[in-house]
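Please load the model in a viewer and keep the selection tool at hand. The stops below are arranged so that each selection leads to the next.

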Amino acid sequence: MTGLLKLVDVTRLFGGLRAIQGVSLDVHEGEIVGLIGPNGAGKTTLINVVTGVHRANHGQVYFRGADITRAPPHRIASLGIARTFQIVQPFPKMTVGENIAAGALFAGGADSVAAATEAARELAERVGLADVFGAPANTLTLARRKRLELAKGLAMRPKLLFLDEVNAGLNPVEIDDALALIRTVAASGVTIVLVEHLMKVVMSVSTRIVVLHHGQLIAEGEPQKVVREARVAEAYLGKRYAAALGGN
Ligand SMILES: Nc1ncnc2c1ncn2[C@@H]1O[C@H](COP(=O)(O)OP(=O)(O)O)[C@@H](O)[C@H]1O
Ligand SMILES: [Mg+2]
């Protein structure tokens, strides 16, 4: 497997709080990495550090061998890293099509407005938003806003895509649809890091699971193996679950 993203001993502080702490992690081409951990574990911060929203206080981030630790967000995006936001934030008054096209222009995925609009049309089709292409983004349901987030990310033509709780708030049918979409995106050659609360989803789609707890990476590996580890079950599911699982 080819190394795509590498974090070496990365720490990010907010005042006295260590949001992530000494995290080292490799993501390889073709993986779907499930990034899990309780609220406040540092999952979104990790994405923010990789995408240049927040700088690491310590440690290095490499993408395809290049040091991007101090690179600004637009450069990181143009190198091929995209992300969705946990709190969906489309440009509310712009149309669905314009939102997606903006993603294409931001990361240099398209070099003209016409090309960006054309790419946006194809992506809207792909994520099931073709019928609302001309509608203002703020008229969409939550499930469709989540799809719009995904389309904006894909418009950047990423090699690596972070999905931050794209299934939160969706009903079971919408989640199944979203999962099918994630699998299609992965099959098209995009490596994915998926932050997700629903264990069922993480277990069904991830090729590897990484667990953060209090900013530290406490376990990683093949999904079945990771969930059986008692300390993961404790951190993530609570002590009673851990006891019920009889983890080792
Ligand atoms: N911009 C910020 N300023 C101050 N504290 C922050 C900021 N972003 C995150 N934190 C804190 O860092 C910790 C990790 O947060 P976060 O990365 O959002 O966790 P998760 O996504 O795993 O729920 C939390 O204690 C959170 O309050
Ligand atoms: Mg988060």
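Select Leu7 and Val61 together: in this predicted model, Val61 of β4 is the bridge partner of Leu7. Extending the selection to whole strands gives β1 (residues 3–14) and β4 (residues 58–63), which pair in the antiparallel sense over five bridges.

Next, display the sheet to which these strands belong. It is an open sheet of four strands with antiparallel pairing, in the order β2-β1-β4-β5. Its edge strands are β2 (17–28) and β5 (66–67), each of which pairs on one side only.

Now add helix α1 to the view. The helix lies across β1, β2 and β4, and runs at about 65° to β2. Is α1 enclosed or open to its surroundings? Helix α1 (residues 43–50) is largely enclosed by the rest of the structure, because eight of its eight residues are buried. To inspect them, select Lys43, Thr44, Thr45, Leu46, Ile47, Asn48, Val49 and Val50. Then step to Gly52, just after α1, where the backbone adopts a positive phi of about 85°.

Proceed to the second sheet by selecting Ile32 and its counterpart in β8, Ile192, which stands opposite. The strands concerned are β3 (residues 32–36) and β8 (residues 191–195), paired in the parallel sense over four bridges. The sheet around them is open and has six strands, ordered β6-β7-β8-β3-β9-β10, with mixed pairing. At its edges stand β6 (81–83) and β10 (216–221); each has a single partner strand, so one side of each is left without a neighbour in the sheet. On average, neighbouring strands here are turned by 20° against each other, direction ignored.

With this sheet still displayed, select helix α6 (residues 172–187). It lies across β3, β7 (160–164) and β8, running at about 150° to β8.

For a change of region, pick Ala115, which is located in helix α4. Is this residue buried or partly exposed? Ala115 counts as partly exposed because it has 14 C-beta neighbours inside 10 Å. A distance label from Ala115 to Asp176 gives 32 Å, C-alpha to C-alpha, for a pair 61 residues apart in sequence.

Keep α4 selected and add helix α3 (residues 96–106). The axes of α3 and α4 come within 8 Å and cross at roughly 115°, and α3 passes α4 in a right-handed crossing. On the α3 side, the contact is made by Val96, Gly97, Ile100, Ala101, Ala104 and Leu105. On the α4 side, the residues to select are Val113, Ala116, Thr117, Ala119, Ala120, Arg121, Leu123 and Ala124. Colouring by class shows 11 nonpolar, two polar and one charged residues in the contact of α3 with α4.

For the final stop, replace α3 with helix α5. Helix α4 (residues 113–127) and helix α5 (residues 142–155) pack at an angle of about 135°, with their axes 10 Å apart. That angle makes α4 oblique to α5. The crossing of α4 past α5 is right-handed. Select Ala119, Ala120, Leu123, Ala124 and Val127 in α4, which meet Arg147, Leu150, Ala151, Leu154 and Ala155 in α5. By class, the contact of α4 with α5 comprises nine nonpolar, no polar and one charged residues.

Notes. Residues numbered from 1 in each chain as written. Chains lettered and ligands numbered in written order. Predicted model: local features only at pLDDT ≥ 70, side-chain atom pairs only at ≥ 80, totals over all residues. Axes fitted to C-alpha atoms, helices over the stretch in contact; angles between N-to-C directions. Helix = DSSP H or I, 4+ residues; strand = E, 2+ residues; numbered from the N terminus. Parallel < 35°, antiparallel > 145°, perpendicular 65-115°, else oblique. Left-handed = near helix turned anticlockwise from the far one by under 90°. Contact = placed C-beta atoms within 7 Å. Nonpolar A, V, L, I, M, F, W, Y, C, P; charged D, E, K, R; others polar. Buried ≥ 20, exposed ≤ 12 C-beta atoms within 10 Å, placed from the backbone. Pairing = 2+ DSSP bridges.
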